[in-house]
Amino acid sequence: MKILILLALFGLGLGQHNPHIKNGRTAIVHLFEWRWADIAAECERFLGPNGFGGVQISPPNEHIVLNNPWRPWWERYQPISYNLCSRSGSEDELRDMITRCNNVGVNIYVDAVINHMCGASGGEGNHSSCRSWFNAGTKDFPSVPYSHWDFNDNKCKTGSGEIENYGDINQVRDCRLGSLLDLALEKDYVRGKVADYLNKLIDMGVAGFRVDACKHMWPGDLAAVYSRVHNLNTTWFPNGSRPFIYQEVIDLGGEPITSREYFHLGRVTEFKYGAKLGTVFRKWNGEKLCYTRNWGEGWGFMPDGNALVFIDNHDNQRGHGAGGASILTFWDPRLYKMAVGYMLAHPYGVARVMSSFRWNRYIVNGKDQNDWMGPPSHINGSTKPVPINPDQTCGDGWVCEHRWRQIKNMVIFRNVVNGQPHSNWWDNQSNQVAFGRGNRGFIIFNNDDWDLNISLNTGMPGGTYCDVISGQKEENRCTGKQIQVGSDGRAHFWISNRDEDPFVAIHVESKL
C-alpha cells in the first residue's frame with residue numbers, strides 16, 4: 001500500500017512540472033500588477049497572435065490596502081482572505097479574463113501567496129481590497145476564517161518571532177518572514193483552506209501556480225496541500241492534467257535549504273540563471289560570453305526539467321530577493337534585450353519574460369529609496385489601465401518589455417526552434433558567440449568593444465532570411481537586416497559594436 005501511495009505522489013509531481021502550454025508555444029510572460037480587464041484584452045490582441053503560451057498574474061486574493069500616501073506593490077503579498085477581489089479587479093473580471101485568455105490558447109498561472117497572511121503590524125478594520133474586517137494583532141481573519149490557532153508563533157523559537165538566522169532551517173520555515181503572520185501549514189484545517197482557494201481558481205480555468213516563498217514552507221506540508229488540488233478544467237485541458245506548479249525558492253548556494261528539496265513537487269525558480277547571465281553580459285568578474293558554451297546544468301544550475309528561468313523578476317529588478325546589482329532590467333535596455341534574447345534562444349528550462357511598470361528611482365548609497373512604489377495609479381489609488389500607443393508600445397508608465405520587437409520576435413523564435421538541439425557553437429574566445437538550434441534557427445551576439453565580421457556555418461537551409469532583431473519579415477520583405485545563407489549553410493555576419501542591438505537572429509519562418 002505504501003508503495004502505491006509513493007507512486008501516486010511521484011506521478012502527481014511529474015505532472016506538476018508540465019506547463020500545459022498549447023499550440024507549440026513555449027514562453028510565458030509576467031504581466032506584473034496588470035488589471036484583469038487589460039490582461040484579457042492583451043491575450044486577444046497581442047499574446048495569442050504572437051505565440052505567447054501563458055501569463056503569470058499578480059495574486060488575485062483579497063489583500064491589505066496601505067496608503068502611505070501611495071499604495072506599494074507589496075500589499076498584494078499580504079493576504080487578508082482568499083476572496084477574489086484585488087486591486088486588479090473583481091472575481092467576475094478575473095473569471096472573464098481566464099476564459100478569454102484560454103479561448104485564444106493563452107494559459108493563466110496564478111501567483112499564490114499561501115505561506116502567510118498580512119504583517120503583524122497590519123492593524124485592524126476593513127482597509128482591505130474587499131473591505132473585509134480583520135485584526136492582525138489578534139490574528140483574526142474571519143473571512144477565511146483563521147484565528148490565532150492557525151499560525152506558527154508557538155513553533156518559532158526566536159525571541160522576536162522573526163527569522164533571525166537563515167542558517168537555521170526551523171527558523172526559516174516556522175518564524176515570520178519580515179513580520180508576515182506565518183501560517184501553520186502542518187494543520188489539516190489550514191491545508192484545507194489553502195487547497196480550497198487553489199481549487200476554486202483551477203475550476204475557473206487557471207493552468208497552474210507560481211507558489212510564493214516556498215523556502216519558508218516545509219516540503220511535506222506543500223506536498224499535502226498539492227495532493228488535495230484538483231486536476232485542470234477539462235474545458236481547456238486534457239483529462240487528468242495536473243496543475244503546473246513552479247515554486248519560488250531562492251537558492252544561490254551557501255544556505256542549508258536548497259532548491260532540490262522541492263524538485264519532486266514541481267518546477268523551481270532558478271535564481272542563479274539571471275544573476276549569472278547578468279554578470280556575463282556586464283563583463284564583471286572576468287566573465288566572458290564565450291564561457292557560456294555549456295550554459296545550463298554545466299554552470300551548476302538545477303536539472304533542465306526542474307527549472308523555470310528568467311532574467312529578472314518583480315523582486316530582484318528592485319534589488320530585493322536574489323542576484324544583487326548584476327540583475328539586468330529594462331533600465332539597461334541594450335544589455336537586457338541581449339540577455340532575454342539569449343535566454344529565449346537557449347533550450348534550458350521553461351522561460352518567463354518580465355513585463356514591468358516604471359517607478360521614480362531614487363538611489364542613495366546604492367539602495368533605491370522608491371523600490372516600494374506600486375503600479376501607475378489614479379489619485380484614489382486604483383490601478384490605471386494599460387494604454388497601447390500607435391507604435392505598439394505601452395504608455396502611462398507601463399514598460400511592456402514583452403511588446404518590444406526584439407523580445408516579442410525572440411518568443412516566436414523559441415517556438416519555431418522548440419525541440420531542436422543546441423548546435424553549431426562558435427565563439428571568438430571573448431564576447432562574440434553564436435549558436436544554432438538544429439536546422440531551425442541561428443543567433444549571434446557581439447558584446448565586445450569592436451566589430452564582428454565573420455562567415456559561419458548556421459546549419460540552416462540556403463536562402464534569404466530576415467533578421468528578427470533589427471526588424472522582421474512582413475509579407476515578402478525584411479523591415480531590418482537581410483542574411484544570405486548559402487547552399488552549404490554558411491552565412492556572413494557583420495555586427496557593429498555600436499549597433500542599437502548588437503545581435504542577429506534568424507529562423508526558418510523568417511525566410512523570404
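Author: A disulfide is here a pair of cysteine sulfur atoms within 2.5 Å. The model under discussion is predicted.

Reader: How many disulfides does the structure hold?

Author: The criterion is a distance between cysteine sulfur atoms, with a limit of 2.5 Å. By that criterion, the number of disulfides in the structure is five.

Reader: In what pattern are the bonded cysteines of the chain paired, when they are numbered in sequence order?

Author: The bonded cysteines are counted along the chain, and each disulfide is then written as two of these ranks. The pattern obtained in this way is 1-3, 2-4, 5-6, 7-8, 9-10.

Reader: Which cysteine sulfur is nearest to that of Cys-118?

Author: Cys-118 takes part in no disulfide. Its relative accessibility is 0%, so Cys-118 counts as buried. The nearest cysteine sulfur is 14 Å away, and it is that of Cys-130.

Reader: How many residues apart in sequence are the parts that Cys-43 and Cys-101 tie together?

Author: Cys-43 and Cys-101 are joined by a disulfide with an S to S distance of 2.1 Å. Cys-43 belongs to helix α2 (residues 36-47) and Cys-101 to helix α3 (residues 91-103), so the separation in sequence of the parts tied together is 58 residues.

Reader: Is the disulfide of Cys-43 and Cys-101 left-handed or right-handed?

Author: Both cysteines of this pair, Cys-43 and Cys-101, are buried. The torsion about their S-S bond is about 90°, so the disulfide is right-handed.

Reader: Which loops hold Cys-85 and Cys-130?

Author: The sulfur atoms of Cys-85 and Cys-130 lie 1.5 Å apart and form a disulfide. The torsion about this S-S bond is about 115°, so the link is right-handed. The pair connects distant parts of the chain, 45 residues apart. The loop of Cys-85 lies between β2 (54-57) and α3, and that of Cys-130 between β5 (124-125) and β6 (134-135).

Reader: Is Cys-130 buried, partly exposed or exposed?

Author: A residue is buried under 20% relative accessible area and exposed over 50%. The value for Cys-130 is 22%, so this residue is partly exposed.

Reader: How far apart in sequence are the parts tied together by Cys-156 and Cys-175?

Author: Cys-156 and Cys-175 form a disulfide with sulfur atoms 2.0 Å apart. The link is right-handed, with 95° about the S-S bond. Cys-156 is in the loop between β6 and α4, and Cys-175 is in the loop between α4 and β7 (180-182), so the parts tied together are separated in sequence by 19 residues.

Reader: What relative accessible area does Cys-175 have?

Author: Its disulfide partner is Cys-156, which is buried at a relative accessible area of 11%. Cys-175 is buried as well, and its relative accessible area is 1%.

Reader: Why is helix α6 (residues 219-226) described as largely enclosed by the rest of the structure?

Author: The helix has eight residues, and the description rests on how many of them are buried. The buried residues are Pro-219, Asp-221, Leu-222, Ala-224, Val-225 and Tyr-226. Helix α6 is largely enclosed because the count of buried residues is six of the eight.

Reader: Which elements are included in what covers the buried residues of α6?

Author: Contact is counted for heavy atoms within 4.5 Å. The cover includes two helices and two strands: α4 (169-174), α5 (188-204), β8 (208-211) and β9 (244-247).

Reader: What is the volume of the largest cavity?

Author: The structure holds two cavities of 30 Å³ or more. The volume of the largest cavity is about 70 Å³.

Reader: Which residues lining the largest cavity are the closest to its centre?

Author: The lining draws at least three residues from each of domain 1 (16-117 + 187-417) and domain 2 (118-184). By class, the lining divides into five nonpolar, three polar and six charged residues. Of the 14 residues that line the largest cavity, the closest to its centre are Asn-152, Arg-173, Leu-183, Leu-185 and Asp-221.

Reader: Which residues line the second largest cavity?

Author: This cavity has a volume of about 30 Å³. Its lining has eight nonpolar, no polar and no charged residues. The residues are Ala-112, Ile-114, Leu-198, Phe-209, Val-211, Tyr-226, Val-229 and Ile-245.

Reader: Which residues does Thr-269 touch, not counting those up to four places away in sequence?

Author: Thr-269 is placed in strand β10 (residues 267-269). Its relative accessibility is 2%, so Thr-269 counts as buried. The residues that Thr-269 touches, beyond four places in sequence, are Gln-247, Glu-248, Val-249, Met-302, Leu-308 and Phe-310.

Terms used. Residues numbered from 1 in each chain as written. Predicted model: local features only at pLDDT ≥ 70, side-chain atom pairs only at ≥ 80, totals over all residues. Heavy atoms only, no water. Buried < 20%, exposed > 50% of the residue type's maximum accessible area, 1.4 Å probe, protein only. Helix = DSSP H or I, 4+ residues; strand = E, 2+ residues; numbered from the N terminus. 1 Å grid on protein atoms, 1.4 Å probe; cavity = no way out; pocket = protein on both sides within 12 Å on 5 of 7 lines; lining within 4 Å. Points joined across faces, edges and corners; volume = space filled by probe spheres on them. Nonpolar A, V, L, I, M, F, W, Y, C, P; charged D, E, K, R; others polar. Domains from an automatic or database assignment.
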